[in-house]
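Me: I would like to go through the pockets of this model and ask, for each label, what justifies it.

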Amino acid sequence: MSQQPDATGAHFAATEQALPGTYGAHMRREAVAGHMTRTGSFPAVGQRAAEPEPPVRDRLLRDLLGERRLALGRTVSDRFWGVLGALVVTAIAAGARLWELGRPGKLVFDETYYVKEGWSLASLGFEAAWPDKPNPAFEAGDVSSYKTDEAEYVVHPPVGKWMIAIGMRLMGGAQDPMHWRIASAVIGILAVLLMVRIARRMFSSTMLGLVAGLLLAVDGEAIVHSRTGLLDQFLMFWVLVAFGCLVLDREWARRRLADRVAQIVDAGGAIGKYGPRLGFRGWRFAAAVSLGLACGVKWSGLYFVAAFCVLTVVWDMTARRTAGVERWWEDALVVDAVPAALIMLPTVLAVYIASWSAWFAHPKSYLRNWAEVNGVAPPTWWPDWSWAQGAWEAGRSLWEYHHMMWDFHTGLDSDHNYASHPLGWIVQWRPTSFYWDKYAPGQGPCPADAVGDCATAVTSLGNPLLWWLGAVAIPIVLVLAIRFRDWRGAAALTGIAAGWLPWFQYSWPLADRTIFTFYTIVFTPFVILTLVYLLAMGIERTSRRSGDRRIVCWLAAVVVVLIVGVSVLYYPIWTAMPVPYDYWQRLMVLPSWI
């Protein structure tokens, strides 16, 4: 008996050496209980024997991913509803987006640019110039009045226009307004399906994933952008794809870390100051490809490149800290952050440049031969090979083109009735009217037996209740995410910050650039994730069969039903349905909405 304390101390010392740091301390506590059970010191008379220790890998997975995530999808019922529920919510989204997609039968708002540019891009390989006032002819079916030998100066990269063009090509042409918008509709439907799956994995709950998808399915910003041929819908989609890839990468990396740390510990080794390498991370690479495509739609995708790169490195830091790595911050920077930068940033750049391949290939593209025409020669150290000379001239011409695009975007300050300050975006203070018209009874779509005039509108207005609740939720989620160090709340807020905060530099008092509320479509999914995060916290912080849990669930159900009900009321003014003029006026709750 006199040797027992020494043996116990040696056992604990070995455990501490093998597992330093946060996770090591946790393991040491469990080692105490396990050792006492084996030696007979515990349990006392009348107490239940301690359960055997789970394997190191299982304990690591529990700490790195959480018990809720490990339990997700274990039951047949959960897997069934995970599939069927996602299909039902996606079907709701499809109905809201595809029903009478060709209404109105006119080019609305910036469709006048992107639809025609996309069609000429698909027809000629470059964005062609159009004659003066081409819209009436285009809307009537004359879609080939572009100038075949003259390129148009465009101010956005080509990915979004290519996606619009592919939709028109697959539908058989540009003569039908539905064809102009089918790509946006399909992308909007897929975004809802992605939202279900991403939220399900984030919150380890099939029910919460379905709620998140349903809210995106019925939101006004999402519906309007799914029914118009604008670029911001495609920007939102590729950002959401990138975010989903990073969520998958987070889980993959933590599972790989658990595997490799467990191998070291089971072999009797020590983690030491630095942890194991994780190898090539395919989901992170896929996220970089998606971010490159996002930048190929609009340059504002760059803000998400910066935000998501920081986010994924922070996730790596917390994983290594939890796994017991002593110098976790340094390890994450050297082992994770540097490789991430060396892979993600060049990949984003390469994908972006590749998106201009048609511009490189076609000699009539805008400014394609600028370097040659202006006699801008390559530097003396540049190789004298013919292909190298051609590559330099093309690259220099593209650089000049980008310089012109930059000047346009930074100098855009023309007056517009629906320009808005980003401070009001989160409450949809000044929504953008894409289309509006008024008809007397018997005129246009207004029935002859109508009591009064009819109005038709396409207003890029988010579901008011959803967005107002989102505005309240943001500061609450910020506090909770910091208080509980919860990666889910931080992730949702990161998406909002990347899509919203950068625009303040372009608005008064810092600048006076013309910007619009409809830019919020890119971070609409993240506003929804903040609301779902609050619901998740309410569920997780209450007992399963307690009265508090029932209150949380009933309150959430009431809020979701109310949001859906508001969407039903506002659906006509998101989709150009003819409604009584008085009805339209009653929906304009704030004077700034008119």
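Reply: One definition comes first: Asp, Glu, Lys and Arg count as charged, Ala, Val, Leu, Ile, Met, Phe, Trp, Tyr, Cys and Pro as nonpolar, and the others, Gly among them, as polar. Please keep in mind that the model is predicted.

Me: How do you know which classes the lining of the second largest pocket divides into?

Reply: Sorted by that rule, the residues of this lining fall into 15 nonpolar, 6 polar and 15 charged. Closest to the centre of the second largest pocket are Arg250, Phe484, Arg485, Asp486 and Trp487, out of 36 lining residues. Arg and Asp count as charged and Phe and Trp as nonpolar, so Arg250, Arg485 and Asp486 belong to the charged class, and Phe484 and Trp487 to the nonpolar class.

Me: What makes a residue part of the lining of the largest pocket, and how many residues line that pocket?

Reply: A lining residue must have an atom within 4 Å of a point of the pocket; 44 residues line the largest pocket, and Val155, His156, Trp299, Phe408 and His409 lie nearest its centre. Helices H6 (111-124), H14 (301-322), H15 (328-354) and H18 (386-411) are the elements that give two or more residues to this lining, with the largest share, 8 residues, coming from H18. By class, the lining of the largest pocket has 27 nonpolar, 10 polar and 7 charged residues.

Me: What volumes do the largest pocket and the second largest pocket have?

Reply: The largest pocket holds about 1,200 Å³ of space, and the second largest pocket has a volume of about 1,000 Å³. In the second largest pocket, H14 provides the largest share of the lining, 7 residues.

Methods. Residues numbered from 1 in each chain as written. Predicted model: local features only at pLDDT ≥ 70, side-chain atom pairs only at ≥ 80, totals over all residues. Heavy atoms only, no water. 1 Å grid on protein atoms, 1.4 Å probe; cavity = no way out; pocket = protein on both sides within 12 Å on 5 of 7 lines; lining within 4 Å. Points joined across faces, edges and corners; volume = space filled by probe spheres on them. Helix = DSSP H or I, 4+ residues; strand = E, 2+ residues; numbered from the N terminus.
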